[in-house]
Amino acid sequence: QAARTEPWGLQVARRRDWGLFRSPQGASPPSMLAQLPRLSVMSDPERICQLVQEGHKTIGHLLDELEEAVLLVDALVVDGPIVGASRGFLELTGYRREEVLGANCRMMLEGVPEVAISRSARKNIRDYCSMCQVAGLKDISEAHSMQPNSRADGSIFMNLFMLGVCMVRRHPYILSVSLHLTEGLSVRLRPAEAELRIEGARERFKRIRDFLRKHVDREGDDAIDDIMPECLRKATGSQSEFGFFGERLQDHCLLINGGFTAIRREPEELSGNCLVFGNRPVRPRKDGLCFSVHVDAVTGSFTGLPFLGFTRRRPVDTPDLFPTVSRCLGCSIMIGGLGEAFRREQHAHYKMGFKPPPRDEVMAWRFDHDIQPSLRKPPVTVKAGDVLRCLWSRDGAIQLSANGAVILEFDTGEPPLEGVEYFAVVDVCFAVCSLTLMPPDPRIDEEDEEEEREAEEEGVSSPSAAAEFARSVSFEETGFVATPRRISSVSRSSSRGAEGGGRHVR
């Protein structure tokens, strides 16, 4: 496995490396996502011509008679040649199929004024195509853009295109669905109308992707173990109680490692847009609801902690799954950021405007509430290799720990509801750009069960084994593959929360 991944710069982790990135000094390399293991990409010109023909014969020809404007691109060939084009695309653009097959989608930018081409959109698309080559890719969000494109006769139209991965026989193809918006170089759409068009493009993408999968032998599509590096196999060997929900993801999110690792694309440019949910409810424990994540990689472009928390909203593939800002998530409680916590009781997401949300919509607690928002700093500096644990206790306290030490705690006054299912929420934001769910320590469950039996027999309550574990047992001693270090503190003093009380522990 090491020999197969060395060309991509990956240093295969040893027994005690839980994450996907090696960083002995605790700091991620300048290009941390470049260290992800990649599938091999063909660059031999003669072989590329053969692969284009094979791609069209294997899967691309299934698009030939579709009325929708659709392209299929081979993600594992350099420069992403087109291996399939629908009749609808040929009618929209005026190209002949023989002109399209083997070409790059850049042909649709020929003749478009450079000032009308979005550089950020093109960078996003390039990064998206690169991430589709990651070994062990489980899910990746679709990417879309509204861009002027040219036809074969030189005329220009506004095109809404959506890209998504179509995995066939363990081979990633990129499926592009185009929607004609208007003629010319620009278009004005109201936000609601734009969302409707984007959702319509996504529905077309899903339908055509499923059509292709149905008509091609999919045996082995999900058998990715033989191309996964050893560090990923060890992670999936000791699974968390739940993975991340991947049926709908935010724009810059991808899941690898069997769906247990969430990564934010373009982490140096974007501080968020990677909110993920657990795909199964969190199992209640004696001291409340809790889960842990391993920090795989960080970026120096932003400061702040990821947000961890819980929600009563069951994740489903609907347009209203994500809020505009994570703190506005309906039926949720979250902690992290710059040393803050938020809770919203209403089921619908709060729609953020220019002013902070009122307290009856989103309750907030901050350990440095006396400091101006622009001057606030996170309570700690998180490094690659740290382990973060979120606990919502039965007495209503929301708590964030790092490497077994409590760093944030706020008394919300509202404990988890008995008999109600809660799902984990993770916002891979700010300084952190990759997180992996960790399995619970089996000794905690065993001790909790034993203490509960003894307490029932004696008729008394006993302290939580999980709490004792967090205070007195290091992860080095537990046999976990993670070996977290002591995190560095920004502030040496404890502070009271802005609302409801809170503390920051060094």
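# Close-up views

**View 1. Aspartate 79 is partly exposed, with a relative accessible area of 44%.** Here buried means under 20% relative accessible area, exposed means over 50%, and partly exposed lies in between, as calculated with a 1.4 Å probe and protein chains only. Aspartate 79 sits in the loop between β1 and β2 (82-85), where helices (H or I, at least four residues) and strands (E, at least two) are DSSP runs numbered from the N terminus. Its phi is positive, at about 70°, although aspartate 79 is not a glycine. Most residues other than glycine have a negative phi. The model is a predicted one, in which local features need pLDDT of at least 70 and side-chain atom pairs count only at pLDDT 80 or more, while totals for chains, interfaces and linings use all residues. Residues are numbered from 1 along each chain as its sequence is written, and side-chain values use heavy atoms, with hydrogens and water left out.

**View 2. The whole protein chain, shown for orientation, has ten helices and 22 strands.** Of its 506 residues, 56% are buried, and the chain exposes about 23,100 Å², with carbon and sulfur atoms supplying 50% of that area; accessible areas come from the Shrake-Rupley method with a 1.4 Å probe, and for residues only the protein chains shown count as cover. Mean pLDDT, the predictor's confidence in each residue on a scale from 0 to 100, is 81 for the chain, and 76% of the residues reach 70 or more. Two stretches call for caution: pLDDT stays under 50 over residues 218-237, and again over residues 460-501. For residues 460-501 the model nevertheless has 121 contacts beyond four places in sequence, a contact being heavy atoms within 4.5 Å. Among contacts in the chain between residues at least 6 apart in sequence, 67% join residues at least 24 apart.

**View 3. Strand β6 (residues 171-183) pairs with strand β1 (residues 69-74) through six bridges and with strand β5 (residues 156-168) through twelve.** Two strands are taken to pair if DSSP finds at least two bridges between them. The strands β1 and β6 run antiparallel, with leucine 72 standing opposite leucine 175 in β6. The strands β5 and β6 likewise run antiparallel, and asparagine 159 has histidine 180 in β6 as its bridge partner. With two residues between them, β5 and β6 form a hairpin, and arginine 169 in the turn has a positive phi of about 50°.

**View 4. Arginine 265 lies in the loop between β8 (261-264) and β9 (275-277).** What does the side chain of arginine 265 meet in a polar contact with another side chain? The partner is the side chain of aspartate 127, at 2.8 Å, where a polar contact is a pair of N or O atoms within 3.5 Å; within protein, one atom must be able to donate a hydrogen and the other to accept it, and residues adjacent in sequence count only if both atoms are side-chain atoms. The backbone oxygen of aspartate 251 is 3.3 Å from a polar atom of the arginine 265 side chain. Arginine 265 has a relative accessible area of 0% and is therefore buried. Apart from neighbours within four places in sequence, its contacts include Leu33, Tyr128, Met131 and His252.

**View 5. Threonine 93 belongs to helix α3 (residues 87-93).** A polar atom of the threonine 93 side chain lies 2.9 Å from the backbone oxygen of phenylalanine 89. Threonine 93 is buried, its relative accessible area being 0%, and beyond neighbours within four places in sequence it is in contact with Met108, Arg151 and Ala152.

**View 6. Cysteine 253 and cysteine 274 have sulfur atoms 3.4 Å apart, too far for a bond.** A disulfide is a pair of cysteine sulfur atoms within 2.5 Å, and a search of the whole structure finds zero disulfides. Cysteine 290 is in no disulfide, and the nearest cysteine sulfur, in cysteine 390, is 8.7 Å away. Both the 0% relative accessible area of cysteine 253 and the 9% relative accessibility of cysteine 290 make these residues buried.

**View 7. Glutamate 110 is placed in the loop between α4 (97-100) and α5 (119-131).** Its relative accessible area is 55%, so glutamate 110 is exposed. Glutamate 110 and isoleucine 156, which are 46 residues apart in sequence, are 9.8 Å apart in space from C-alpha to C-alpha.
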